[in-house]
Amino acid sequence: MTYNKIQEMIQSSQGDDWLYDEKQESFTFKSDKELQIRRTQSRPFNEPWARKFSDKGSDLLEYDVYYNKTFMEKKYLVGIDGERAIVPLPTSSEELSFRDEDIHFARIINRLSRLDEYIERIQSQR
């Protein structure tokens, strides 16, 4: 399986295409069980844009993507508003813009229908 094919599988999937294991904080792709996403680390995140919600706590969340137990890449998301939402890391903390593929990845992880609302609220801070 090539790296590009794995990226294509992730980008063409939806949140309900993944099995979520809450205890392990991992996601397994239903169509190919060899593709997994695992939350590996969480640490405090203090950029101003991430703390402008009712719950000021925010964390940088680290996810590893594996195929057939082989590490493929590391992804970063930000848990904001007390992790009521998990959003992509902006490409710039000043511009507060997001890459489409990062938004898609956040949709898989987020499992929350209000992701677009939170992204709009972040971008309105520009």
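1. Strand 3 (35-44) and strand 4 (59-67) run antiparallel and are joined by nine bridges. Strands here are DSSP runs (E, at least two residues), helices are H or I runs of at least four, and both are numbered from the N terminus. Two strands pair if DSSP finds at least two bridges between them. Within this pair, glutamine 41 stands opposite glutamate 62 in strand 4.

2. This is a predicted model: local features need pLDDT of at least 70, side-chain atom pairs count only at pLDDT 80 or more, and totals for chains, interfaces and linings use all residues. Residues are numbered from 1 along each chain as its sequence is written, and side-chain values use heavy atoms, without hydrogens and water.

3. The open sheet has six strands in the order 1-2-3-4-5-6, with antiparallel pairing. Strand 1 and strand 6 (85-88) stand at the edges with a single partner strand each, so one side of each has no neighbour in the sheet. Neighbouring strands are turned by 30° against each other on average, direction ignored.

4. In helix 1 (residues 3-11), the buried residues (under 20% relative accessible area, 1.4 Å probe, protein chains only) are Ile6, Gln7, Met9 and Ile10. Seen down the helix axis, they fall within an arc of 160° (taken from the directions from the axis to the C-beta atoms), so they line one face of helix 1.

5. What covers these buried residues? Strand 1, strand 2, strand 3, strand 4, strand 5 and helix 2 (100-110) are included in the cover. Contact means heavy atoms within 4.5 Å.

Notes: Buried means under 20% relative accessible area, exposed over 50%, partly exposed in between (1.4 Å probe, protein chains only). Axes are lines fitted to C-alpha atoms, for helices over the stretch in contact, and angles run from 0 to 180 degrees between N-to-C directions.
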